[in-house]
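These are my notebook entries on a structure that is new to me. I set down here what I looked up, entry by entry.

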Amino acid sequence: REPGVYEGLEAMGQRLYDGLQAAAQRVGVPVYTTRIGSMFCTFFTAQAVTDYASASTADTAKFRRFFHAMLEAGVYLAPSQFEAGFISTAHTEQDIDHTIEASQRAFEAVAKA
């Protein structure tokens with residue numbers, strides 16, 4: 001009911017999306033991140049993910065390494081590459097920053113494997 005709530009979620013979702021994409025790009029890990037509003041999902045593939053068939057081509061072993069590296073950094077994501085993550089009004093800008101910073105290290109771990 002508070003004015004600006006959805007606009008704030010949209011802005012934080014975009015910020016997270018941009019940060020994840022940039023972190024992956026910096027270390028050369030191909031990912032395709034989907035997002036609408038506060039819902040997001042990152043696939044370890046260089047191709048667009050538009051349906052189950054294209055999603056199933058993503059590298060689940062890389063996602064597993066990424067997931068565990070994020071968990072070690074204190075960021076709990078959905079445990080399957082085929083599930084969506086969500087940002088809520090409980091998340092702060094600091095939470096988004098921490099997630100982006102953790103993703104940089106997690107993408108580096110994926111690239112080294």
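**Entry 1: the sheet**

I began with a single residue pair: T34 has C41 of β2 as its bridge partner. The model I am reading is a predicted one. I then looked up a second pair and found Y32 opposite F43 in β2. In total, β1 and β2 are joined by 5 bridges. The two strands run antiparallel, with β2 covering residues 39-43.

I next examined the turn of this hairpin. There are 2 residues between the strands β1 and β2. G37, in the same hairpin, has a positive phi near 60 degrees.

I widened the view to the whole sheet. It is open, with 3 strands in the order β1-β2-β3 and antiparallel pairing. Why is one side of β1 and of β3 left without a neighbour in the sheet? I noted that β1 (32-36) and β3 (85-86) are at the edges and have a single partner strand each, so one side of each has no neighbour there.

**Entry 2: the helix across the sheet**

I asked which strands helix α1 lies across. I found that α1, residues 5-27, lies across β1 and β2. Its direction makes an angle of about 175 degrees with β1.

**Entry 3: the cavity**

I searched for enclosed space and counted 1 cavity of 30 Å³ or more. The volume I recorded for the largest cavity is about 140 Å³. Its lining consists of 14 residues, and those nearest the centre are F40, C41, T42, F63 and L77. C41 was already in my notes as the partner of T34. At least two lining residues come from β2, and at least two from α3 (60-72). By class, I listed 8 nonpolar, 5 polar and 1 charged residues in this lining.

**Entry 4: the pocket**

I turned to open space. The largest pocket holds about 270 Å³. I recorded 15 lining residues, with V75, Y76, F86, H91 and T99 closest to the pocket centre. The elements that give two or more residues to this lining are β3 and α4 (93-112). Which element gives the most to the lining? I found that α4 does, with 4 residues. The lining divides into 9 nonpolar, 5 polar and 1 charged residues.

**Entry 5: aromatic rings**

Lastly, I asked how many aromatic pairs there are. The count is 8. I also noted a cluster in which ring pairs link F44, F63, F66, F67, Y76 and F107. Two of these names recur in my earlier entries: F63 was listed among the residues nearest the centre of the largest cavity, and Y76 among those closest to the centre of the largest pocket.

Conventions
Residues numbered from 1 in each chain as written. Predicted model: local features only at pLDDT ≥ 70, side-chain atom pairs only at ≥ 80, totals over all residues. Heavy atoms only, no water. Pairing = 2+ DSSP bridges. Contact = heavy atoms within 4.5 Å. Axes fitted to C-alpha atoms, helices over the stretch in contact; angles between N-to-C directions. 1 Å grid on protein atoms, 1.4 Å probe; cavity = no way out; pocket = protein on both sides within 12 Å on 5 of 7 lines; lining within 4 Å. Points joined across faces, edges and corners; volume = space filled by probe spheres on them. Nonpolar A, V, L, I, M, F, W, Y, C, P; charged D, E, K, R; others polar. Phe/Tyr/Trp six-rings, centres within 6.5 Å; stacked < 30°, edge-to-face > 60°.
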